[in-house]
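User: Could you walk me through this model? I'd like to start with the inside and then look at a few local details.

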Amino acid sequence: MRLLLIEDDVSLGPALQEYLMSQGYAVDLQADGTGGLGALSAVEYELVILDLNLPDISGLDWLRTIRQKGMAVPVLILTARDELEDRVAGLDAGADDYVVKPFELAELAARIRAFARRSVGQAQSVLEVGPLLFDMVSRELRVHDQRLALSVRELSVLEMLMARVGKVVTKQQIVASLSANDADFSENAVEVYVYRLRKRLEGLPLQIQTVRGFGYSLELQSE
């Protein structure tokens, strides 16, 4: 998933960005509403994490603005405002979820995973393709009940392929999902990660097929 984090706290913003990137997400950080609007108009995000106390515009006004423009991107509000009327106002303005500061990172990560599952029509927190079993909560991949260690980006690419098994995932989709604005990530890098995954999956009844000119498809082979 590619996330837009709008948070003006100079300590929390970068720390949260770093944590979410360690979980396999591409995260663009903006410190005010104006920057957030600019980023959202230029990039297709799968989730926005929005602070309400921004220096230039109310987070609620920001949220109302994008909804009035017809932008349907899911928005998770992250704020210190914990009164019932604040939660109601946030949800009524168009938020999809509401998390109060201070919060536990594990809970925030779980809520983001829930958005990820909905985005691919996956109700459960486990992806299973043949002998591969990927737990989206623990971020652990197992093959025949044995843990298979992959790098964060290798695992993220494989997760996209497993979530859409039998369907083509384009290089552009992988780049857009895994690269933040300031990250050096290209289609050539995707080819490298796919090459590594193919080596790791050798001997299994699975194949990452290249759909020339489009991208890749994870296919389950008959044993």
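Analyst: A nonpolar core here is a set of buried Ala, Val, Leu, Ile, Met, Phe, Trp, Tyr and Cys residues joined through side-chain atoms within 4.5 Å, where buried means under 20% relative accessible area, exposed over 50% and partly exposed in between (1.4 Å probe, protein chains only). This is a predicted model, in which local features need pLDDT of at least 70 and side-chain atom pairs count only at pLDDT 80 or more, while totals for chains, interfaces and linings use all residues. Residues are numbered from 1 along each chain as its sequence is written, and side-chain values use heavy atoms, with hydrogens and water left out.

User: How many residues does the largest nonpolar core have?

Analyst: The largest nonpolar core has 49 residues, and those with the most contacts inside it are L3, L20, I49, I112, L132, L141 and M162. Helix α6 (residues 152-163) gives the most to this core, with 6 residues; helices (H or I, at least four residues) and strands (E, at least two) are DSSP runs, numbered from the N terminus. A second, separate core of 21 residues includes L40, L50, L60 and I66.

User: Is α6 mostly covered or not?

Analyst: Mostly covered, since 9 of the 12 residues of α6 are buried, among them L155, V157, L158 and M162.

User: And at what angle do α6 and α8 pack?

Analyst: Helix α6 and helix α8 (residues 187-200) pack at about 80°, with their axes 10 Å apart; axes are lines fitted to C-alpha atoms, for helices over the stretch in contact, and angles run from 0 to 180 degrees between N-to-C directions. The two helices α6 and α8 are therefore roughly perpendicular, a label for angles of 65 to 115 degrees, with under 35 counting as roughly parallel, over 145 as roughly antiparallel and the rest as oblique. Contact (heavy atoms within 4.5 Å) is made by R153, E154, V157 and L158 of α6 with Y193, V194, R196, L197 and R200 of α8.

User: Switching topic, which residues does a cis peptide bond join?

Analyst: A cis peptide bond joins K101 and P102, with omega about -5°, and P102 lies in the loop between β5 (97-100) and α5 (105-119).

User: What about H144, buried or exposed?

Analyst: H144 is exposed, at a relative accessible area of 58%, and has a positive phi of about 50° although it is not a glycine. H144 sits in the loop between β8 (140-143) and β9 (146-147). D145 is also found in the loop between β8 and β9, where its phi is near 70°.
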